[in-house]
Amino acid sequence: STQSTWGHLLSVYFFSGTMVKKGNNPIPNNHTRKHWNPTGSQKGHVKCHFSQPIKKVIRAKRRETKGKRIFPRPIKGPLRPVVRPPTQRHNVRTRLGRGFTLAEIKAAGLPNAKYARTIGIAHDHRRVNRCEESKALNVQRLKTYLENLILFPVRPFKPSKGSSPLAECKAAKQTKSVNKTLLPNPKSYGRIKRESPRELTDAEKQRKIYQFLRKVQKDHKNVGKRIKKRAKREAKAEKKKQK
């Protein structure tokens, strides 16, 4: 009939490659009717951030106010150590930590952690030094900070012991962050310098890498068995000598 023919033509048109993507893909069925107004059934989950530009201005004004309030201290907080993130995946890079250990603070010549906090050095009582390299790095970081530190007296115009001269205090300028401006970028310590491409040497071409890796795997797997066998052989040899 005419209706069935037209229906067949329409189905071919609507479900041909002109409207639906090629392949076994889901039919596009986007729900574009958003719930704009919060009512009983429609919760109004659409949120437009039209206030983003003015919030940016507000944040900038807050930073300016904070800088004036805490002058001459850095705006972005105290000095922090360079640490490596946990797990094998992330420990190849470095970042800023929470605070220095007590061993690092004392190695830099400071009396205790309480005094270190008063001069803009963060302290973390939970962190522990696991290697000498990271400890030496953070101790040098502290020493560089102390060399460039301008210590204001508690009472103005009455310098106390250890405070900087009044001329230096007057000429002091506020920095945004001591962790990146005064000292090297914390992320730069862990960067691995990649080797540029080169041709293989004759010794590298002759080396059989697959057999070498298999040998290393077998040695790692059977190290316990080999130690036991060696101990048994030595015990048998000692018994034979005693006889």
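This passage describes the architecture, a buried polar cluster, one helix, the largest pocket and several loop residues of a predicted model.

The protein comprises nine helices and two strands. Along the sequence these elements follow the order α-α-β-β-α-α-α-α-α-α-α. Of the 243 residues, 17% count as buried. Among contacts between residues at least 6 apart in sequence, 54% join residues at least 24 apart.

Helix α5 spans residues 132-147 and thus holds 16 residues. The distance from its first C-alpha to its last is 22 Å, close to the 22 Å expected at 1.5 Å a residue. Five residues of α5 are buried, namely Asn138, Val139, Arg141, Leu142 and Tyr145. These residues lie on the same side of α5, because they cover an arc of only 155° around the helix axis. An α-helix has 3.6 residues a turn, so residues three or four places apart point the same way. The face of α5 turned away from the buried side carries Glu132, Glu133 and Glu147, which are exposed. Packing of the buried residues of α5 involves three other elements: strand β1 (82-83), strand β2 (95-96) and helix α3.

Helix α3, formed by residues 102-107, contains Glu104. Glu104 has a relative accessible area of 0% and is therefore buried, the cut-off being under 20%. The side chain of Glu104 reaches the backbone nitrogen of Thr101 at a distance of 3.2 Å. A polar contact of 2.9 Å also joins the side chain of Glu104 to that of Arg127. When neighbours within four places in sequence are left aside, Glu104 is in contact with Arg127, Asn129, Ser134, Lys135, Asn138, Val139 and Leu142. Among these contacts, Asn138, Val139 and Leu142 belong to the buried residues of α5.

The partner of Glu104 in the side-chain contact, Arg127, is located in the loop between α4 and α5. A polar atom of the Arg127 side chain lies 2.9 Å from the backbone oxygen of Gly99. The side chain of Arg127 thus has polar contacts with the backbone of Gly99 and with the side chain of Glu104. Beyond its neighbours within four places in sequence, Arg127 is in contact with Pro81, Val83, Gly99, Phe100, Thr101, Glu104 and Asn138. Asn138 is thereby a contact of both Glu104 and Arg127.

The largest pocket has a volume of about 830 Å³. It is lined by 32 residues, of which Pro72, Arg73, Pro74, Leu149 and Ile150 are the closest to its centre. Helices α2 (52-70) and α4 (113-118) each supply at least two residues of the lining. The largest share, three residues, comes from α4. Pro72, one of the residues closest to the pocket centre, is found in the loop between α2 and β1. The peptide bond that joins Phe71 and Pro72 is cis, with an omega of about 10°.

Ile150, another of the residues closest to the pocket centre, is 23 residues from Lys173 in sequence, and the two are 9.9 Å apart in space, C-alpha to C-alpha. Lys173 is found in the loop between α6 (166-170) and α7 (202-206). With a relative accessible area of 74%, Lys173 is exposed.

Two further loop residues were examined. Ser163 is placed in the loop between α5 and α6. At 17% relative accessibility, Ser163 counts as buried because the value is under 20%. Twelve residues separate Ser163 from Leu151 in sequence, and their C-alpha atoms are 5.0 Å apart in space. Not counting residues up to four places away in sequence, Ser163 touches Leu151, Phe152 and Pro153.

Thr87 is found in the loop between β1 and β2. The phi angle of Thr87 is near 75°, a positive value in a residue other than glycine. Thr87 has a relative accessible area of 53% and is classed as exposed, since the value is over 50%.

Technical notes
Residues are numbered from 1 along each chain as its sequence is written. This is a predicted model: local features need pLDDT of at least 70, side-chain atom pairs count only at pLDDT 80 or more; totals for chains, interfaces and linings use all residues. Side-chain values use heavy atoms; hydrogens and water are left out. Helices (H or I, at least four residues) and strands (E, at least two) are DSSP runs, numbered from the N terminus. Buried means under 20% relative accessible area, exposed over 50%, partly exposed in between (1.4 Å probe, protein chains only). A polar contact is a pair of N or O atoms within 3.5 Å; within protein, one must be able to donate a hydrogen and the other to accept it, and residues adjacent in sequence count only if both atoms are side-chain atoms. Contact means heavy atoms within 4.5 Å. The expected span of a helix is 1.5 Å times one less than its number of residues. The arc is that of the directions from the helix axis to the C-beta atoms. On a 1 Å grid over the protein atoms alone, a cavity is a set of points where a 1.4 Å probe fits but cannot get out, and a pocket is an open set with protein on both sides within 12 Å along at least five of seven lines; lining residues have an atom within 4 Å of a point. Grid points are joined across faces, edges and corners, and a volume is the space filled by probe spheres set on the points.
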